[in-house]
Amino acid sequence: MKTIRLYYENAYVKEFDATVLSCVTVKNGYEILLDKTAFFPEGGGQKSDEGFIGGVAVADVQEVNGEICHYTTEPLEEGVAVSCSIDWNKRFLRMQNHSGEHIVSGVVHSLFGYDNVGFHMDEGLVTVDFNGELTREQLDMVEDKANEAIYADYKINCFFPSADELDKYDYRSKLDLTENVRLVEIENTDLCACCAPHVKSTGEIGIVKILDFMRHRGGVRIVMKSGYDALLDYREKYRNVYEISGLLSAKQECVAEYVKRLMDETDAIKRQFYQFRLSVAQRDKESLKYTNDISYLITDGYDADMMREVANYGAEKSAICIVFSGDDEIGYSYIACSLSYDMKKVAAHINKTLNGRGGGRDTMIQGKVAVDKSSIVAFLNSVDFNG
Ligand SMILES: [Zn+2]
């Protein structure tokens with residue numbers, strides 16, 4: 001039972017009539033065989049087509065032991081004639097992306113001799129792995145050459161040569177097949193073994209854009225988009241650059257330079273602010289209060305750096321120093337330092353008495369307490385951390 005593969009005869013069949021040869025129950029639904037199909041089964045790095053058979057949605061199509069199996073969630077009656085349609089929008093985007101990938105792989109092979117050793121096509125994104133490294137400049141060259149091939153609108157021919165004929169061709173291939181090898185020939189550009197549907201001429205791809213690249217297993221992985229996906233990508237990126245340019249009041253071609261300058265300015269302000277905070281903390285060291293062997297400061301608007309600065313200083317002047325920052329409404333954060341006390345015990349003591357939480361290391365603890373200032377002062381005047 002061999003299904004006629006309409007997508008091999010004509011990759012542009014969107015709707016067709018067929019007869020249901022069999023419908024069997026499988027896990028999660030039904031497996032349907034047709035006498036002919038335009039549904040491309042997953043293969044060659046390309047996902048399967050989606051669409052409808054007799055009004056029933058096709059979720060997946062796989063080639064199993066040479067048969068094209070359509071998977072649905074509803075059954076179809078065997079022997080009946082059905083009208084079928086494939087999701088042409090998705091299919092055409094995949095054809096654009098897949099043919100675009102062949103061009104890029106062909107150009108890389110002819111310019112640098114590297115092979116395509118991995119190809120993955122997800123919705124809107126294609127990755128291709130080559131077994132040699134390429135620089136950004138070299139990839140720009142590849143991109144130029146690939147788009148020249150698109151502007152030239154070269155024919156793309158798909159055919160099955162006989163085993164004898166196959167020997168005469170020098171084609172790219174990942175597998176060592178000798179039978180039923182289908183070749184995809186892009187005039188003046190590439191010849192590659194491939195089972196997937198392709199556009200009929202390179203002009204239909206519109207554009208090929210290499211977006212990103214990274215080192216990968218001793219070679220390079222490139223991320224690329226072709227055709228309508230490349231247009232959508234350009235639209236989204238243009239919208240972003242347009243907005244950034246408006247926000248910065250900068251020309252679009254200068255936004256990266258402006259952002260770099262802004263980041264440098266932000267770093268400088270951060271450094272200045274850090275210095276300012278430290279100088280406030282230095283000044284407030286003079287305001288430390290002392291009671292028994294404790295020094296403390298209750299303030300507001302302090303961050304952890306400032307609290308630590310004062311607490312470290314106080315810990316040299318007394319057995320323990322505790323810095324609180326906050327107000328009676330939201331509570332107080334604290335940092336405490338000591339070179340002699342068991343600070344885990346101190347934390348437990350503070351947390352229990354002042355309705356707090358927190359902990360830390362042997363010499364420093366930090367946390368929060370939910371009491372007012374007078375309670376903190378009363379606590380500090382009566383507590384004996386040594387006891
Ligand atoms: Zn292919």
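## Loops, strands and cores

Asn 355 sits in the loop between α8 (343-353) and β20 (356-360). Helices here are DSSP runs of H or I with at least four residues, strands are runs of E with at least two, and both are numbered from the N terminus. Asn 355 is not a glycine, yet its phi is positive, at about 55 degrees.

Before going further, a word on what you're looking at. This is a predicted model, where local features need pLDDT of at least 70 and side-chain atom pairs count only at pLDDT 80 or more, while totals for chains, interfaces and linings use all residues. Residue numbers start from 1 along each chain as its sequence is written.

Asn 355 makes a nice set with two other loop residues. The labels in the table depend on how many other C-beta atoms, placed from the backbone, lie within 10 Å of a residue's own: 20 or more is buried, 12 or fewer is exposed, and in between is partly exposed.

| Residue | Loop | C-beta neighbours inside 10 Å | Label |
|---|---|---|---|
| Ser 249 | α5 (227-248) to α6 (255-284) | Ser 249: 7 | exposed |
| Asn 355 | α8 (343-353) to β20 (356-360) | Asn 355: 13 | partly exposed |
| Lys 155 | α3 (136-151) to β11 (156-159) | Lys 155: 12 | exposed |

Ser 249 has a positive phi too, near 50 degrees, and it is a residue other than glycine. As for Lys 155, its C-alpha atom is 24 Å from that of Asp 140, with the two positions 15 residues apart along the chain. Setting aside neighbours within four places in sequence, Lys 155 is in contact with Glu 187 and Ser 201; contact means that the C-beta atoms, placed from the backbone, lie within 7 Å.

Now for the bigger picture. The protein splits into domain 1 (4-86), domain 2 (91-227) and domain 3 (285-382), with bounds that come from an automatic or database domain assignment. Taken over C-alpha atoms, the centres of domain 1 and domain 2 are 27 Å apart. Where they meet, 10 residues of domain 1 are in contact with 12 residues of domain 2. The domain 1 side of that meeting has 4 nonpolar, 4 polar and 2 charged residues. In that count, Ala, Val, Leu, Ile, Met, Phe, Trp, Tyr, Cys and Pro are nonpolar, Asp, Glu, Lys and Arg are charged, and the others, Gly among them, are polar.

On to the insides. A nonpolar core is a set of buried Ala, Val, Leu, Ile, Met, Phe, Trp, Tyr and Cys residues joined through C-beta atoms within 7 Å. The largest one has 50 residues, and Phe 39, Ile 103, Val 104, Ala 146 and Val 208 have the most contacts inside it. Helix α2 (residues 88-112) gives the most to this core, with 5 residues. Domain 1 (4-86) and domain 2 (91-227) each supply at least three residues to this core. A second, separate core has 29 residues, including Leu 297 and Val 323.

Finally, a look at some strands, which pair if DSSP finds at least two bridges between them. Strand β16 (residues 289-291) runs antiparallel to β17 (residues 294-299), joined by 3 bridges, and Lys 289 stands opposite Tyr 296 in β17. The hairpin has 2 residues between the strands, and Asn 292 takes a positive phi near 50 degrees there. On to β18 (residues 320-327): 6 bridges join this strand to β17, and the two run parallel. In this pair, Ile 294 stands opposite Ile 320.

Definitions and conventions
Two residues are in contact if their C-beta atoms, placed from the backbone, lie within 7 Å.
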